Amino acid sequence: MTALTETQLPAPDEYPTRKDRAPALLYRTHPTVWGPVEDGPCTDEEIEAYAATGYARTGGLLTGDEIRGLSAELDRLRGDDGMLVDDRTAISDGLDGAQVRSVYEVHRISDAFAELARDPRVVDRARQILGSDVYLYQTRVTHVPGLDTADVHWHSDFETWHAEDGMPAPRAVAVSIALTDAVEDSGALRVMPGSHKTFVSCVGETPDDHYLDAGKSQEAGLPDDGSLSIMTGMYGVDVLAAEAGAVTLCDANLMHGAAANATSDPRSELLLVFNSVENTCVDPFSADAPRPAFLGAREVQPLG
């Protein structure tokens with residue numbers, strides 16, 4: 001029998017999930033803010049808020065002209081029939097037929113979104129929090145039409161990224177940029193402040209091609225009602241209403257969700273996920289194969 005060398009040893013799983021019949025609440029073993037707090041554009045108050053609650057908000061980062069330009073670019077993508085048959089597009093069925101709801105890996109499709117994804121105003125905040133160079137792990141632009149009945153169940157992104165993509169630690173930050181106003185009735189982001197400190201280990205094995213059911217009939221990777229009850233009792237819920245142009249930075253393990261859009265106005269946002277170059281993905285911890293690269297990039301290209 002040949003002994004395993006160090007390079008052959010599997011990565012340690014510090015956040016086991018989808019491996020037991022019973023859910024569990026696990027203490028986070030990694031920091032939230034990894035870099036020197038003075039080394040970047042985030043203020044001391046923003047860093048303190050991020051460390052304590054798992055999110056921080058910045059207003060006025062983008063100009064009105066920039067928001068209008070990005071909104072027009074989203075409209076262009078939604079009007080492109082080719083996007084309806086692109087694997088990177090999530091489709092919703094509306095009164096007028098199939099419509100583009102989300103476009104993943106949008107920085108590889110649109111120059112306008114690519115430029116913002118590399119903008120120092122955004123990237124330097126991610127570097128400051130993660131304490132290293134970063135790369136784009138996932139990008140997505142989403143348009144939720146008015147009177148849309150779909151909601152987003154409470155979940156932690158890191159649970160999926162860890163289980164299905166092999167992200168070792170929650171050393172990633174998601175930057176949400178509102179392209180329209182978002183209020184509670186239109187499905188503004190809901191978070192459990194401080195929940196990033198607790199990892200919810202979920203039940204249910206990962207089915208093959210599980211990503212195809214994400215946001216539809218997904219079961220594996222969603223916290224159970226009992227865990228959610230404990231979490232809401234521990235942390236409460238914040239509704240993050242936002243004006244167009246507002247920027248919210250969220251820790252990878254922050255428990256969040258969104259209600260359906262009960263208003264007649266659409267809601268749109270751009271999501272940029274930055275991962276540390278020191279936290280690159282290994283083999284999935286609870287899946288047979290990683291998801292497609294447009295959902296979790298495996299090619300590491302540090303942003304200059």
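## Close-up views of a predicted model

**View 1. Ser-110, in the loop between strand 4 and helix 3.** Start with Ser-110, which sits in the loop joining strand 4 (97-104) to helix 3 (111-117). Keep in mind throughout that this is a predicted model. With a relative accessibility of 1%, Ser-110 counts as buried. Follow its side chain and you get to the backbone nitrogen of Ala-112, 3.3 Å away.

**View 2. Arg-101 and its surroundings.** Strand 4 is also home to Arg-101. Is Arg-101 buried or exposed? Its relative accessibility is 18%, so Arg-101 counts as buried, given that the cut-off for buried is under 20%. The side chain of Arg-101 makes a polar contact of 2.9 Å with the side chain of Asp-148. Setting aside neighbours within four places in sequence, Arg-101 also touches a run of other residues, including Ala-90, Ile-91 and Ser-92. Val-141, Thr-142, His-143, Val-144 and Pro-145 are among the contacts of Arg-101 too, as is Ala-150.

**View 3. Helix 5 and what covers it.** Now for helix 5 (residues 157-165), where nine of nine residues are buried. Here's the roll call of buried residues: Asp-157, Phe-158, Glu-159, Thr-160, Trp-161, His-162, Ala-163, Glu-164 and Asp-165. What do the buried residues of helix 5 pack against? The answer is a set of strands: strand 5 (134-144), strand 6 (152-156), strand 7 (172-178), strand 9 (198-201), strand 12 (255-258) and strand 13 (267-276). Helix 5 lies across strand 6 and strand 12, and runs at about 65° to strand 6.

**View 4. The two ends of helix 5.** At the N-terminal end, Ser-156 acts as the cap, with a side-chain oxygen 3.3 Å from the backbone nitrogen of Phe-158. After helix 5 comes Gly-166, and its phi is positive, near 85°.

**View 5. The open sheet with strands 6, 12, 8 and 10.** Four strands make up this open sheet, in the order 6-12-8-10, with antiparallel pairing. Strand 6 and strand 10 (238-240) are the edge strands, each pairing on one side only. From one strand to the next, the twist averages 25°. Zoom in on strand 8 (residues 189-191) and strand 12, and you'll find two bridges holding an antiparallel pair. Across that pair, Arg-190 stands opposite Gly-257 of strand 12.

**View 6. Strand 9, covered on both faces.** Thr-198 and Val-200 are on one side of strand 9, Phe-199 and Ser-201 are on the other, and all are buried. Which way do strand 1 (residues 24-27) and strand 9 run, parallel or antiparallel? They run antiparallel, joined by four bridges. One residue pair to look for is Ala-24 with its bridge partner in strand 9, Ser-201.

**View 7. Cysteines without a disulfide.** How many disulfides does a search of the whole structure find? Zero. Take Cys-202: the closest cysteine sulfur, in Cys-281, is 18 Å from its own, which is too far for a bond. Cys-202 is buried, at 4% relative accessible area. Cys-250 tells a similar story: its sulfur is 12 Å from the closest cysteine sulfur, in Cys-42, and that is too far for a bond. Cys-250 is buried as well, with a relative accessible area of 10%.

Methods. Residues are numbered from 1 along each chain as its sequence is written. This is a predicted model: local features need pLDDT of at least 70, side-chain atom pairs count only at pLDDT 80 or more; totals for chains, interfaces and linings use all residues. Side-chain values use heavy atoms; hydrogens and water are left out. Buried means under 20% relative accessible area, exposed over 50%, partly exposed in between (1.4 Å probe, protein chains only). A polar contact is a pair of N or O atoms within 3.5 Å; within protein, one must be able to donate a hydrogen and the other to accept it, and residues adjacent in sequence count only if both atoms are side-chain atoms. Contact means heavy atoms within 4.5 Å. Two strands pair if DSSP finds at least two bridges between them. Axes are lines fitted to C-alpha atoms, for helices over the stretch in contact, and angles run from 0 to 180 degrees between N-to-C directions. A disulfide is a pair of cysteine sulfur atoms within 2.5 Å.
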